[in-house]
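I opened my notebook to write down what I looked up in this structure, one entry at a time. Here is how it went.

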Amino acid sequence: MSPTILAIETSTKACSAALLTQGETFEVFELAPQKHADRILPMVMEVLAQGGCSAQDLDCLAYANGPGAFTGVRIAAGVIQGLGFGWQKPVIGVSTLEALIHQAWSKRPDLADQTWVGCLDARMQEVYWQSGHRSQTGQLVTQPAEMLGLEAARARVVDQAANEQTLGIGDLVWALPEWEDAFSVFVSAYPRAGDVAAVAAQRLDQARLVTESLPQPIYLRNQVTS
């Protein structure tokens, strides 16, 4: 039986909520800079209504825990903590970059079995970076998320290109157009809550009540920017 999962994502300029239920995904997605705190709870109510579900129907909650904009990942952690406590539902955190890699599978199904890099502009001449692939059983398998300087990230792309295709997804090319030619294929995209829910569905054994483990954002630098 497929799980029923409510997910939220607020790590970038985009803001989204999604409900995965009976194998179908209902999602609300907006580009809403500086409005995540105002929009995310109405989005939650909207996707629950679209899917005909109530809080009692949920098996767990999921959120994108970063990396990303400092304020955005804090909003997601705070909102999911409140919902998890109020509804007494377990919570799963999913990397923003893992959600991007999962999104790549649907955007480029012809390349879904290859290794992808989720990459977001971290500003300050740095990039959030995580690579991953789909296992033979359909599970997402990733390396730990990192923050790299732009030159170090480019060196990885060049090294990989010597042996195989270099596939990337994220907002990096929007922020730094010169990066497009570095990859064999680059898909410009923001992370989405629907992909957070899909990844969480693979990891239900990691779900914890907030009374056992508080939701925490992932920060990859001590100095943060919003």
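**Entry 1: Starting in strand 2**

I began with Ala14, which I found in strand 2. A caution to myself before going on: this model is predicted. Is Ala14 buried or exposed? Its relative accessible area came out at 0%, and the cut-off for buried is under 20%, so Ala14 is buried.

Next I checked who sits against Ala14. Leaving out residues up to four places away in sequence, Ala14 touches Glu9, Phe29, Glu30, Leu31, His36 and Tyr190. I also looked up a pair that is far apart along the chain: Ala14 and Arg192 are separated by 178 residues in sequence, yet their C-alpha atoms are 8.0 Å apart in space.

Then I moved along to Ser16, also placed in strand 2, which runs over residues 14–21. Ser16 has 0% relative accessibility, so I wrote it down as buried. Its list of touching residues, again without those up to four places away, is Ala7, Ile8, Glu9, Val28, Phe29, Ile40, Met43, Pro191, Arg192 and Ala193. What does the side chain of Ser16 have 2.9 Å from one of its polar atoms? I found the backbone nitrogen of Ala193 there.

**Entry 2: Following Ala193 into helix 6**

Ala193 made me look at helix 6, which covers residues 193–201. I noted that 7 of its 9 residues are buried, so helix 6 is largely enclosed by the rest of the structure. Which residues of helix 6 are the buried ones? They are Ala193, Gly194, Asp195, Val196, Ala197, Val199 and Ala200.

**Entry 3: Two helix residues, two surroundings**

I looked up Gly84 in helix 2, residues 70–87. Gly84 has a relative accessible area of 1%, so it goes down as buried. Setting aside neighbours within four places in sequence, I have Gly84 in contact with Leu61, Lys89, Val91 and Val210. I also checked Gly84 against Arg208: they are 124 residues apart in sequence, and 9.5 Å apart in space from C-alpha to C-alpha.

Ser106 came next, in helix 3, residues 96–107. Is Ser106 buried or exposed? I got a relative accessible area of 55%, and exposed means over 50%, so Ser106 is exposed. Its side chain reaches the backbone oxygen of Gln103 at 2.9 Å. For another pair, I tried Ser106 and Arg123, which are 17 residues apart in sequence and 28 Å apart in space, C-alpha to C-alpha.

**Entry 4: Backbone oddities in the loops**

Here I went through some loops. Where does Gln22 sit? I found Gln22 in the loop between strand 2 and strand 3, the latter being residues 24–31. Gln22 has a positive phi of about 50°, although it is not a glycine. With a relative accessible area of 73%, Gln22 is exposed.

Met124 is in the loop between strand 6 (116–123) and strand 7 (126–134). Met124 also isn't a glycine, and its phi is positive, near 55°. I have Met124 as partly exposed, at 41% relative accessibility.

My last loop stop was Pro67, between strand 4 (60–64) and helix 2. The peptide bond leading from Gly66 to Pro67 is cis, and its omega is near 0°.

**Entry 5: Stepping back to the chain**

I finished with the protein chain as a whole. How many helices and strands does the protein chain have? I counted up 6 helices and 11 strands. Its radius of gyration is 17 Å, close to the 17 Å that the globule rule gives for 226 residues, so the chain is as compact as a globular protein of that length. Along the principal axes, the C-alpha atoms fill a box of roughly 50 × 40 × 30 Å.

I wrote down that 51% of the 226 residues count as buried. Of the contacts with a separation of 6 or more, 64% come from residues 24 or more positions apart. The chain exposes about 10400 Å², with carbon and sulfur atoms supplying 47% of that area. As for charges, I noted 15 positive and 24 negative ones, and their mean positions are 4 Å apart.

How values were computed. Residues are numbered from 1 along each chain as its sequence is written. This is a predicted model: local features need pLDDT of at least 70, side-chain atom pairs count only at pLDDT 80 or more; totals for chains, interfaces and linings use all residues. Side-chain values use heavy atoms; hydrogens and water are left out. Helices (H or I, at least four residues) and strands (E, at least two) are DSSP runs, numbered from the N terminus. Buried means under 20% relative accessible area, exposed over 50%, partly exposed in between (1.4 Å probe, protein chains only). Contact means heavy atoms within 4.5 Å. A polar contact is a pair of N or O atoms within 3.5 Å; within protein, one must be able to donate a hydrogen and the other to accept it, and residues adjacent in sequence count only if both atoms are side-chain atoms. The radius of gyration is taken over C-alpha atoms; the globule rule is 2.2 Å times the number of residues to the power 0.38. Accessible areas come from the Shrake-Rupley method with a 1.4 Å probe; for residues, only the protein chains shown count as cover. Lys and Arg count as positive and Asp and Glu as negative; His and the chain ends are not counted. The place of a charge is taken as NZ of Lys, CZ of Arg, CG of Asp or CD of Glu.
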